[in-house]
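Here are a few exercises to work through with the model open in your viewer. Try each task before you read its solution.

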Amino acid sequence: GGLTILASQRRAHDAVVLWDATHTGHWEGDGIEDATTRWEPALGLYRLTGGLDVLVTEDFLASYRFLDCDRLVDDLDLPLLSVVAGDNVTRGVAARIRYHDRAPGPKKLVVIDEADHSFSNGETLDRVHRETIAWLGEAGFPAALG
C-alpha cells in the first residue's frame with residue numbers, strides 16, 4: 001500500500017492518499033522479528049500476525065522493513081491525505097501521525113479512532129471512502145470522483 005506508493009520510482013500521480021500506511025519507524029530493534037512477526041521453521045517463512053496472518057519470505061520482509069520511511073515522506077512533493085486507524089495501537093498510530101507531520105504539504109490528517117488497520121470494523125470503511133472522496137474534491141481532483 002503506502003510504502004509501495006512512496007517508494008515508487010515513477011511518480012505519474014497528482015496526489016497521494018494513504019490509508020493507515022505502514023511506517024518502519026514503529027518496529028522495535030533492527031532485526032526482522034518483533035511482536036507481530038515470527039519465524040515458522042516448518043514452513044521456512046515468517047508469519048506476520050497484524051490483523052490477518054500472512055506468510056512471507058525473509059527477502060520480502062527486508063525489502064520494506066528497512067526502508068527509510070521518513071526520507072520517503074520528506075521527499076513527497078504532492079498533496080497528501082493520511083487516514084490513520086486509531087484503534088491500531090500495536091501497529092504504530094503515533095509513528096503514522098509523525099509520518100504525516102513530516103510531509104511537506106499540502107496535507108490533511110484524519111484519524112478514525114475506532115478503526116482497525118483494515119478499516120473492517122463497523123462503518124469505518126464507509127468513513128474512509130467519504131473522507132477520501134471529500135478530500136479529492138477539496139484538493140481540486142473532481143475528475144477522480146467519477
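Strands here are DSSP runs of E with at least two residues, numbered from the N terminus. Keep in mind that this is a predicted model.

**Exercise 1.** Find the strand that holds Ser 82, and decide whether Ser 82 is buried or exposed.

*Solution.* Start with the strand: Ser 82 sits in S5, which spans residues 80–85. Next, the cut-off: a residue is buried under 20% relative accessible area. Ser 82 has 5% relative accessibility, so it counts as buried.

**Exercise 2.** Work out which residues Ser 82 touches beyond its neighbours within four places in sequence.

*Solution.* The list is Leu 18, His 100, Lys 108, Leu 109 and Val 110. Now look at His 100: its side chain makes a polar contact with the side chain of Ser 82, at 2.8 Å.

**Exercise 3.** Lay out the sheet and say which strands stand at its edges.

*Solution.* First, the order: S1-S5-S6, an open sheet of three strands with parallel pairing. Each of S1 and S6 (107–112) has a single partner strand, so these two stand at the edges and one side of each lacks a neighbour in the sheet. From one strand to the next, the twist averages 10°. Then zoom in on S1 and S5: four bridges join them, and Val 16 has Leu 80 in S5 as its bridge partner.

**Exercise 4.** Which strands do helices H4 and H5 touch as they pack on the sheet?

*Solution.* Take H4 (residues 93–102) first: it touches S5 and S6. H5 (residues 124–138) touches S1, S5 and S6. As for direction, H4 makes about 165° with S6, and H5 also makes about 165° with S6.

Key. Residues are numbered from 1 along each chain as its sequence is written. This is a predicted model: local features need pLDDT of at least 70, side-chain atom pairs count only at pLDDT 80 or more; totals for chains, interfaces and linings use all residues. Side-chain values use heavy atoms; hydrogens and water are left out. Buried means under 20% relative accessible area, exposed over 50%, partly exposed in between (1.4 Å probe, protein chains only). A polar contact is a pair of N or O atoms within 3.5 Å; within protein, one must be able to donate a hydrogen and the other to accept it, and residues adjacent in sequence count only if both atoms are side-chain atoms. Contact means heavy atoms within 4.5 Å. Two strands pair if DSSP finds at least two bridges between them. Axes are lines fitted to C-alpha atoms, for helices over the stretch in contact, and angles run from 0 to 180 degrees between N-to-C directions.
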